[in-house]
Amino acid sequence: MHILWIRTGGTIDSERTAQGLRPVRRGDDSFLQTADCVLDQIEPFCIDSSDLTCDQIEQLATLIRGSTADGFMITHGTDTLAYTAAGLSFLLPDERRPIVLTGAMRPLFESGSDGASNLAGALAAAQHPAVCGVHVFFAGQLFFGTHVWKNHSKAADAFISLGAPVAGYMEQDGLHLLHRQKRAAPFGDSLCGQAALVWIHPGFDPAMLADLSAQAVILMGYGAGNLPARVVHAAAGSARDFYVITQCLHGGVDLSMYQAGAAVRRAGIVPLDVTPAAAVMKAAAVYA
């Protein structure tokens, strides 16, 4: 089996400096070579993932489409890992080969790093015959690419699954799959659409919506997707497309629960039961 390891920087490939962690190009790491597969490496860019662009996500999708590898492991900074996982899910909805992203909360070659175990799990998932499409492996768990979310800025188990169960988990005897990937809708090969993600709060002035240049506005509403009447009124009078997701980690959007939710529906604001990362990446693909 041929696995392509795509390295993009992030904490896992960082070194410590006087100013903090800095991604560095590592080159070959023979410690990860196994008898189970041929593991090739490519490093299209090496960045702190806070600098990630949609162009770079598209670059990764292009590399995967053009490769003859049987599976892919992508090491990535944790800050925007969920965005890349969601973006690749929409750019590669028909990809049946495994594409597994991972990273680390501590640099790979530091004592106590979680990098080696995350790499081992991701590599196992990338070789698993029943894994297909985009996933994330982190801290012993396998997540679906459109449902993973970074929930902690420092803990080793930094990621959780929102809106779906985890896909699987790793134990001493190997990777155990619990659920199969559902295909994302195809939207093309670009993420150039512009979407604004707007967090609603009691002091929010809906006049600010008029200043947005984005093609789509994703409102992070309260609870089951409720929005202030003043925001609903502003959205109803706009030519721009509006969507609503919830600020809550669990439970999702349900506009049938309250009168406030019914007003959201009447205004033509579309509910999305997805993570913020998936909402933004989906809009970027739809409006490309």
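So, the four-stranded sheet: it is open, its order is S13-S14-S15-S16, and the pairing is parallel. Strands here are DSSP runs of E with at least two residues, helices are H or I runs of at least four, and both are numbered from the N terminus. Two strands count as paired if DSSP finds at least two bridges between them. This is a predicted model, where local features need pLDDT of at least 70, side-chain atom pairs count only at pLDDT 80 or more, and totals for chains, interfaces and linings use all residues. Residues are numbered from 1 along each chain as its sequence is written, and side-chain values use heavy atoms, with hydrogens and water left out.

At the edges sit S13 (195–199) and S16 (270–271), each pairing on one side only. S13 and S14 (residues 216–221) run parallel and are joined by five bridges. If you'd like a spot to look at, Leu197 stands opposite Ile218 in S14.

Now, please find helix H5, residues 259–266. Which residues of H5 are buried, meaning under 20% relative accessible area with a 1.4 Å probe, protein chains only? They are Gly261, Ala262 and Val264. These residues lie on the same side of H5 because they cover an arc of only 155° around the axis, taken from the directions from the helix axis to the C-beta atoms. On the other side of H5, Gln259 and Arg266 are exposed, that is, over 50%.

And what do the buried residues of H5 pack against? Helix H4 (229–236) and S15, with contact meaning heavy atoms within 4.5 Å. After H5 comes Gly268, with a positive phi near 80°.
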